[in-house]
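Trainee: Please take one part of this model and go through it closely. I would like the helix packing first, then the core and one residue in it.

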Amino acid sequence: MKTAIITGASSGLGREFVRQIADVFPEVESYWLIARRADRLAELAETLPGKTVACLPLDLCDAMGFMALQEKLTAEQPEVVLLVNNAGCGYLGRIGEMDTASQTRMVDLNVRALTAVTNMTVPYMASGGCILNVSSIASFCPNPRMTVYSSTKAYVSSFTVGMAEELRSKGITATAVCPGPMKTEFLDIGGITGNSKMFAALPYCDQVRVAGGALRAARAGRTIYTPKLFYKFYRALAKVTPVKLMVKFAKT
Ligand SMILES: NC(=O)c1ccc[n+]([C@@H]2O[C@H](COP(=O)([O-])OP(=O)(O)OC[C@H]3O[C@@H](n4cnc5c(N)ncnc54)[C@H](OP(=O)(O)O)[C@@H]3O)[C@@H](O)[C@H]2O)c1
């Protein structure tokens, strides 16, 4: 069965991806929705009439979460036409001042889980399959006070570019979407709301438009997609400016 797997489907951008997948990938018959909050996934499943939906309430920071996904892939042998690696978290705080569990959770979810889910899913993808990884404008330059988060997103973008080249011969594409700030639960969970002048000043992206644009970019096989002209300019600037200078203006 032609399947889409979406991590972090229970809120924010992930939920928007799920709502819009049928518009861009009409061939998808089956959805595998992954996040920890089962009730939210069940609610979302009800909005997908006529589709087969599996809600997988997994904690992707836990190795058992990966094993459950691996077991389901092995048992069901789906044809995965779209993998959306969207689950992610970002906490505001300085190195040595924030608790270690929060710092390492960003690495566990944004890097380790994304890598594991991708590696176990690619064998179930055929030519024409698309991988869409959610990166961030934070990947363009390290952001002091969110240094770990921006480093994890630099990994996501770099991983995507390398993987796109590796998988080209198989006809599988990989796309990284790099949104600016969006008004989702991410901001409160990360302790960003009310605590960052930079976040208060930046133009916000609308997650509905980001999701649609990113799905179309994935379908077109683009490798990096940056929504909003302002952030396309920021990306270009970050490419030509020495990072040691740029980092002084990229404080969160
Ligand atoms: N919002 C922004 O300003 C912004 C900007 C650029 C990029 N991004 C990126 O966009 C992506 C989506 O974030 P969002 O803004 O939509 O935030 P969000 O509403 O907080 O969504 C995060 C999603 O990840 C899931 N998740 C968190 N921890 C998990 C875990 N341990 N195991 C499984 N799933 C987990 C959450 O579900 P459960 O809590 O139910 O597990 C939720 O569905 C992230 O990768 C983020 O880094 C966000």
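Mentor: In this predicted model, helix H4 (residues 100-121) and helix H5 (residues 147-167) have axes that come within 9 Å and cross at roughly 10°. Angles under 35 degrees count as roughly parallel, so H4 is roughly parallel to H5. On the H4 side the contact is made by Gln103, Met106, Val107, Asn110, Val111, Leu114 and Thr115. These meet Val148, Tyr149, Thr152, Lys153, Tyr155, Val156 and Phe159 in H5. By type, the residues of this contact divide into 9 nonpolar, 4 polar and 1 charged.

Now the core. The largest nonpolar core has 62 residues, and those with the most contacts inside it are Ile6, Leu33, Leu82, Val177 and Ala214. Helix H8 (residues 207-219) supplies the largest share of this core, 6 residues.

Val177 can be followed outward from there. Leaving aside residues up to four places away in sequence, Val177 touches Leu132, Val134, Ser135, Val210, Ala214, Ala217 and Tyr225.

One of these partners, Ala217, lies in helix H8. Ala217 has 22 other C-beta atoms within 10 Å; a residue is buried if that count is 20 or more, so Ala217 is buried. With the same sequence neighbours left out, Ala217 touches Thr175, Val177, Arg222 and Tyr225. Tyr225 is thus listed as a contact of Val177 and as a contact of Ala217. As for distance along the chain, Ala217 and Ala4 are 213 residues apart in sequence and 16 Å apart in space, C-alpha to C-alpha.

Definitions and conventions:
Residues numbered from 1 in each chain as written. Predicted model: local features only at pLDDT ≥ 70, side-chain atom pairs only at ≥ 80, totals over all residues. Core = buried A, V, L, I, M, F, W, Y, C linked by C-beta atoms within 7 Å. Buried ≥ 20, exposed ≤ 12 C-beta atoms within 10 Å, placed from the backbone. Helix = DSSP H or I, 4+ residues; strand = E, 2+ residues; numbered from the N terminus. Contact = placed C-beta atoms within 7 Å. Axes fitted to C-alpha atoms, helices over the stretch in contact; angles between N-to-C directions. Parallel < 35°, antiparallel > 145°, perpendicular 65-115°, else oblique. Nonpolar A, V, L, I, M, F, W, Y, C, P; charged D, E, K, R; others polar.
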